[in-house]
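Subject: Handover of a structure and notes on its contents

Dear colleague,

Please find below the structure that I am handing over to you. My notes on it follow directly after.

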Amino acid sequence: MAALANRTLPWSWYTDPAVLQLERERIFRRSWQYVGHVGDVPEPASFFATSVGDIPVVVVRDREDELRAFLNVCRHRGSIVCEGSGRRETLQCPYHAWTYGLDGRLVTAPRSKREGGIETGELGLVPLRLDTWGPLLFVNADLDAEPLEQFLDGLPERIAGAGVDLDALRFLQRSESELDCNWKVSAENFLECYHCPTAHPGFSAVMDVNPDHYLLETSATRMTQHGPPRAVPHGAYDPTGEVGRGQFHLLFPGTVLNVMPGRPNLSIGPIVPKNAERTSRFLDYFVAEDADEAWVEEALAFDAQVGIEDRTLVERVQVGIRTGLIDDGRLLPESEQLIAHFQALIVDALA
Ligand code: FES
Ligand SMILES: [Fe+2]
């Protein structure tokens, strides 16, 4: 497809299961995604099951304290091996009890000695890439992917420079949600604050969303928005503290990372397609150890309100583009430049 100019992607790409299948193969199977934090695997022999895109993943801290990720699929007949989280000495498949070590090796397969024909030495869980940024865990199903550090593209320095020491934060909670829209509708809504004055009155009473102050930047696979609070913020959230500016990043394809002005804080989580018209998300919230509870409650409520407002917006968009009577939409060249960048990455990947 030629340059998009100021046109959006074809709206059929937001409903077509064949497009989603291509996105899964060409984007989600080759991309880094945030999956959780070290507190989810706090001690040797702890694990949690998760997914990267539609790929089931199990993350393990082995006996030697090494973090590993595997495809959470049994080499026998393909069952999911682990569910939930907890502590385990081995990873045993619930179907026929093939049992894997925490290093992924197949340790036992019942009756395989008696009957033969099973190459137990070769049938370990398939390893995936796992890397960490401070306490944050990222997984990539592509063993040849660029290193995480390269993917993060200076973000760790930027977050540290803003006054957020990741290792000094405490985990607060995970918020999970499902949205009736294509995953790109959710990502694109995140990528512009053009809608903030209209649709987020509370957010816009605290943050300065004037386009002269609220700035947009792109790099290869990172799309960034950052801005200060209003000179006289008046709203349901107190943005005063060590962190002077808000910053909101999307790491392609779908990991979002937010820092609000105020006490040191961070929220991070993926936008993941469930099907062509349904999206699941979660956000892990972290905050300074000594942030007082009243402020934390206020911050969570403030963010939840923005989330409620965004749900309505994206679900309405999905209803509109699903009609099939309009080919595509338009993008403002400046205020929606991050969406144009995101859509160009999609076009490149699917070309
Ligand atoms: S599918 Fe896992 S043991 Fe049979
Ligand atoms: Fe929004």
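The notes below take the metal site, the charged pairs, the aromatic contacts, a sheet and some backbone features in turn. Please bear in mind that this is a predicted model.

Metal site

The iron ion (ligand 2) is coordinated by NE2 of His195, NE2 of His200 and two OD atoms of Asp310, at 2.0 to 2.7 Å. The donor residues follow the spacing H-x4-H-x109-D in sequence. Distant parts of the chain are thereby linked: His195 sits in the loop between α5 (183-190) and α6 (196-199), while Asp310 belongs to helix α8 (residues 293-321), 115 residues apart. His195 and Asp310 are both buried. As for the geometry, the angles subtended by the four donor atoms run from 53 to 159°. A tetrahedral assignment would require all angles to lie between 85 and 135 degrees, and the arrangement around the iron ion (ligand 2) is therefore irregular.

Salt bridges

The whole structure contains 24 salt bridges. Three of these pairs are described here with their surroundings.

Arg7 pairs with Asp328, with the closest N and O atoms 3.0 Å apart. Since Arg7 lies in the segment before α1 (17-26) and Asp328 in the loop between α8 and α9, this pair ties together parts that are 321 residues apart in sequence. Arg7 is partly exposed, at 38% relative accessible area, whereas Asp328, at 17%, counts as buried.

A salt bridge also joins the side chains of Asp40 and Arg174, at 3.8 Å from N to O. Asp40 is in the loop between β1 (33-37) and β2 (46-52) and Arg174 is in strand β11 (residues 169-179), so that the pair links parts of the chain 134 residues apart. Asp40 has a relative accessible area of 24% and is partly exposed; Arg174 is likewise partly exposed, at 32%. Arg174 has a further contact, for it lies over the face of Phe282, at 3.7 Å from the ring centre.

The side chains of Arg158 and Glu217 form a salt bridge with an N to O distance of 2.9 Å. Here helix α4 (residues 155-161), which holds Arg158, is linked to strand β12 (residues 215-218), which holds Glu217, across 59 residues of sequence. Arg158 is partly exposed, with a relative accessible area of 25%, and Glu217 is partly exposed at 32%. Elsewhere, Glu43, Arg63, Arg87 and Glu89 are joined into one network by salt bridges that share partners.

Aromatic contacts

The count of aromatic pairs comes to eleven. In one of them, Phe252 and Phe342 have ring centres 5.6 Å apart and planes at 70°. Planes over 60 degrees apart count as edge-to-face, and the pair is therefore of that kind. Phe252 lies in the loop between β14 (246-251) and β15 (255-259) and Phe342 in helix α9 (residues 337-350), so the contact ties together parts that are 90 residues apart in sequence. Phe252 is buried at 8% relative accessibility, and Phe342 is buried at 0%.

One aromatic cluster is formed by Phe203, Tyr214, Tyr237, Phe248, Trp295 and Phe302. In another contact involving a ring, Arg88 lies over the face of Phe47, at 5.2 Å from the ring centre.

An open sheet

Strands β6, β7 and β8 form an open sheet in that order, with antiparallel pairing. β6 (91-92) and β8 (106-108) are the edge strands; each has a single partner strand, so one side of each is left without a neighbour in the sheet. Two bridges join β6 to the antiparallel strand β7 (residues 99-100), and Leu91 stands opposite Tyr100 in β7.

Backbone features

Phe252 appears again here: a cis peptide bond joins Phe252 to Pro253, with omega about 5°. Pro253 is in the loop between β14 and β15.

Ala45, a residue other than glycine, has a positive phi near 75°. Ala45 lies in the loop between β1 and β2 and is buried, at 1% relative accessible area. Asp65, also not a glycine, has a positive phi of about 75°. Asp65 is found in the loop between β3 (55-61) and β4 (67-71) and is partly exposed, at 43%.

With kind regards

Note on methods. Residues are numbered from 1 along each chain as its sequence is written. Chains are lettered from A and ligands numbered from 1 in the order in which they are written. This is a predicted model: local features need pLDDT of at least 70, side-chain atom pairs count only at pLDDT 80 or more; totals for chains, interfaces and linings use all residues. Side-chain values use heavy atoms; hydrogens and water are left out. Two strands pair if DSSP finds at least two bridges between them. Helices (H or I, at least four residues) and strands (E, at least two) are DSSP runs, numbered from the N terminus. Rings of Phe, Tyr and Trp (its six-membered ring) pair if their centres lie within 6.5 Å; planes under 30 degrees apart count as stacked, over 60 as edge-to-face and the rest as tilted. Buried means under 20% relative accessible area, exposed over 50%, partly exposed in between (1.4 Å probe, protein chains only). A charge sits over a ring if NZ of Lys or CZ of Arg is within 6 Å of the ring centre and within 35 degrees of the ring normal. Donors are N, O and S atoms within 2.8 Å of the metal (3.2 Å for Na, K and Ca); water is not among the atoms, so sites may look incomplete. Four donors count as tetrahedral if all angles lie between 85 and 135 degrees; four count as square planar and six as octahedral if opposite donors are over 155 degrees apart and all others between 65 and 115; anything else is irregular. A salt bridge is a side-chain nitrogen of Lys or Arg within 4 Å of a carboxyl oxygen of Asp or Glu.
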